[in-house]
Structures are given as C-alpha cells and as structure tokens.
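Got the viewer open and a selection box ready? Let's take a short walk through this one, stop by stop.

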Amino acid sequence: PRMITYTIDSSDLKSLAKVMRAAGPDLSRRMRREIRTVAKPVIDEMKDTIEAMPLPVVSGGVTPYSGPSGAGGISGRIAAATKLSITQGGVRIRVSTGALGNASNLPGYIDAGTTWRHPVMGNTLAWVSQRAARDGWFTKTGLHHHPQIRRDVLEILTRYATQLAGRL
C-alpha cells in the first residue's frame, strides 16, 4: 500500500539497536517506550489537525453537504490511519493509505492543498470538487516538531548508549 511518511532518522539509532539486541529485550523495550512518548505529541497534533480540517466543496453540488464529517468522516479515517513506528532507521510517522481503500490518495491531496473530485455519497451522477482549507497538516506539523523530537531522541539514545557502555 502507498503511504505518506515523515521520518526522523539517525544512524546512531541503527548502531545502538544492534548493540541493544545483544543486551536483552527489556532495555530495548524501555528505550522504545521513551522514544514513543517524546514523539506522541507530534502524531497527536497531526491527528487533531486533520480531524479539525475543514474540507469545503469548491465546485459542483446543488445543495450544501450536510452528511457526516469530522471524526466519523474521511478526516477521522485518515487520523486513524496515521501511525508511529520506531525502526532501526529512525522514528517514522506515516499514513497507511491502504487502510483508506479508494480514498488512498486523499492524505497527500489534503497535505498538498490539491483539489480532488469525487462522487457524492457514491452517486456517480453527482460529482463535487473539494480542497483542504489549508495545506501541510502532515508535513508542516512534522517539520515544526522535528528539531525538538530530534534533540529528545538523541538524548534518549545517548543515555541508553551510556548505560550499555557501563555494562560492557
């Protein structure tokens, strides 16, 4: 499945992960939990931003749409598909677009501020165009938090590397 991704990478994380595997799973688990804790505000802000994002119709449609929106609509589905993972390559925040079915391109369109067309409630005789009220729900949020998260993750890596060095 296609996805949009934001990665905070570090070659230090890759090296440390190899050493930590030899030290046992408990230490690695604790480090990952700390990294997840410092990265959580970013993913929470991304989810809050997309869920609150107005997605107005810019053309088409005779009457204003009055159906579900917010957490029950596509914004909620995109927020639910936004995940955090910690890999050897770094901390990754991604939107798993495979979970969105035929709406898999929408997270990228919304982030870029691009207009998209779709049938109204599946009615292929009635089409509308929509555009996000503002762009960058994903990329701008990630870039805004990047310096702080990078510092926090490097501090955690340094602390765990020091602990490991004390054990050797």
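We'll begin at Lys-140, which counts as partly exposed because its relative accessibility is 48%, between the 20% and 50% cut-offs. Select Asp-135 along with Lys-140: the two form a salt bridge, with the closest N and O atoms 2.9 Å apart. Asp-135 has a relative accessibility of 36%, so Asp-135 is partly exposed too. While you have charged side chains on display, add Glu-34, Glu-155 and Arg-159, which are joined into one network by salt bridges that share partners. The full count of salt bridges comes to five.

Before going further, colour by confidence, since this is a predicted model. The mean pLDDT of the protein is 80, with 77% of the residues at 70 or more. Where is confidence lowest, and where is it highest? The low end is strand β1, residues 3-9, with a mean of 52; the high end is helix α4, residues 106-112, with a mean of 92. Where pLDDT is low, don't read the predicted coordinates in detail.

Now switch to a cartoon and zoom out. You should find five helices and six strands. Tracing the chain along the sequence gives you β-α-α-β-α-β-β-α-β-β-α.

Next, select helix α2, residues 25-52. Two salt bridges are worth showing as sticks here. One of them links Asp-26 to Arg-30, with the closest N and O atoms 3.5 Å apart. These partners sit four residues apart in the helix, about one turn. Are they buried or exposed? Neither, quite: Asp-26 is partly exposed at 44% relative accessibility, and Arg-30 is partly exposed at 33%.

Slide along α2 to the other pair, Lys-40 and Asp-44, whose side chains meet in a salt bridge at 2.7 Å, N to O. Once more the spacing is four residues, about one turn of the helix. Lys-40 has 43% relative accessibility and counts as partly exposed, while Asp-44, at 28%, is partly exposed as well.

For a change of scenery, pick strand β5 (residues 116-120) and strand β6 (residues 123-130). In which sense do they pair? They run antiparallel, paired over five bridges. Click Trp-116 and look across to β6: the residue opposite is Gln-130. Then go to the turn of the hairpin, where two residues lie between β5 and β6. Check the backbone of Met-121 there, as this turn residue has a positive phi of about 50°.

Now select Thr-97, in the loop between β4 (90-96) and α4. Why does this loop residue count as buried? Its relative accessible area is 3%, and the cut-off for buried is under 20%, so Thr-97 qualifies. Draw a distance from the C-alpha of Thr-97 to the C-alpha of Ile-78 and you'll get 8.0 Å, for two residues that are 19 apart in sequence.

Last stop: turn on a surface and take in the whole protein. It exposes about 9500 Å², and carbon and sulfur atoms supply 55% of that area. Of the 168 residues, 35% are buried. If you also draw contacts, taking those with a sequence separation of 6 or more, 73% come from residues 24 or more positions apart.

Key. Residues numbered from 1 in each chain as written. Heavy atoms only, no water. Salt bridge = Lys/Arg side-chain N within 4 Å of Asp/Glu carboxyl O. Buried < 20%, exposed > 50% of the residue type's maximum accessible area, 1.4 Å probe, protein only. pLDDT = per-residue confidence, 0-100. Pairing = 2+ DSSP bridges. Contact = heavy atoms within 4.5 Å. Areas by Shrake-Rupley, 256 points an atom, 1.4 Å probe, with all protein chains shown as cover.
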